[in-house]
Amino acid sequence: MKIRKGDEVIVIAGKDKGATGKVLRVDPRAERVVVEGVNLITKNIKADQQRAGKESGRVTVEAPLHVSNVALVEDGKPVRAGYRFNDDGTKVRISRRSGKEI
């Protein structure tokens with residue numbers, strides 16, 4: 001998967017199409033990413049012993065998106081990512097649009 005935690009991405013499909021945000025969490029096995037402020041859902045939370053001091057009620061959290069529905073952002077536009085080996089042998093991600101390192 002070419003998207004990592006901390007990357008700036010744009011949503012290219014779904015109800016939040018066009019929204020941008022930072023990747024908070026990546027799940028490579030399920031091919032899903034959680035993006036800050038995107039795909040918000042409301043969960044009902046019960047008060048219990050483990051959540052001592054916290055009340056029950058509704059909480060808004062980000063739900064995972066499939067990785068195919070997001071793209072890396074460069075200058076506000078979606079870009080594809082590729083790989084290149086530097087002269088010293090390190091592998092780096094590059095932007096397919098500009099060729100710059102991501």
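**Exercise 1. Which residues gather in the patch of positive charge on the surface, and is R96 buried or exposed?**

Solution. The model is predicted: local features need pLDDT of at least 70, side-chain atom pairs count only at pLDDT 80 or more, and totals for chains, interfaces and linings use all residues. Residues are numbered from 1 along each chain as its sequence is written, and side-chain values use heavy atoms, without hydrogens and water.

Step 1. The patch consists of K2, R4, R80, K91 and R96. Patch residues have over 30% relative accessible area (Shrake-Rupley, 1.4 Å probe) and no salt bridge (Lys or Arg side-chain nitrogen within 4 Å of an Asp or Glu carboxyl oxygen). Like charges are joined within 9 Å, placed at NZ of Lys and CZ of Arg.

Step 2. R96 lies in the segment after β10 (91-95). R96 is exposed, because its relative accessible area is 54% and exposed means over 50%.

**Exercise 2. In what order do the six strands form the open sheet?**

Solution. Strands are DSSP E runs of at least two residues; two strands pair if DSSP finds at least two bridges between them.

Step 1. The order is β6-β3-β2-β1-β7-β8, with antiparallel pairing.

Step 2. β6 and β8 (77-79) are the edge strands, each pairing on one side only.

**Exercise 3. Which residues are the bridge partners of R25 and D27 in β3?**

Solution. Step 1. β2 (residues 20-27) and β3 (residues 32-35) pair in the antiparallel sense over four bridges.

Step 2. The partner of R25 is V34, and that of D27 is R32.

Step 3. Four residues separate β2 and β3 in this hairpin, and E31 in the turn has a positive phi of about 55 degrees.

Technical notes:
Patch = residues over 30% accessible without salt bridge, like charges linked within 9 Å, V, L, I, M, F, W, Y side chains within 5 Å. Lys, Arg positive; Asp, Glu negative; His and termini not counted. Buried < 20%, exposed > 50% of the residue type's maximum accessible area, 1.4 Å probe, protein only.
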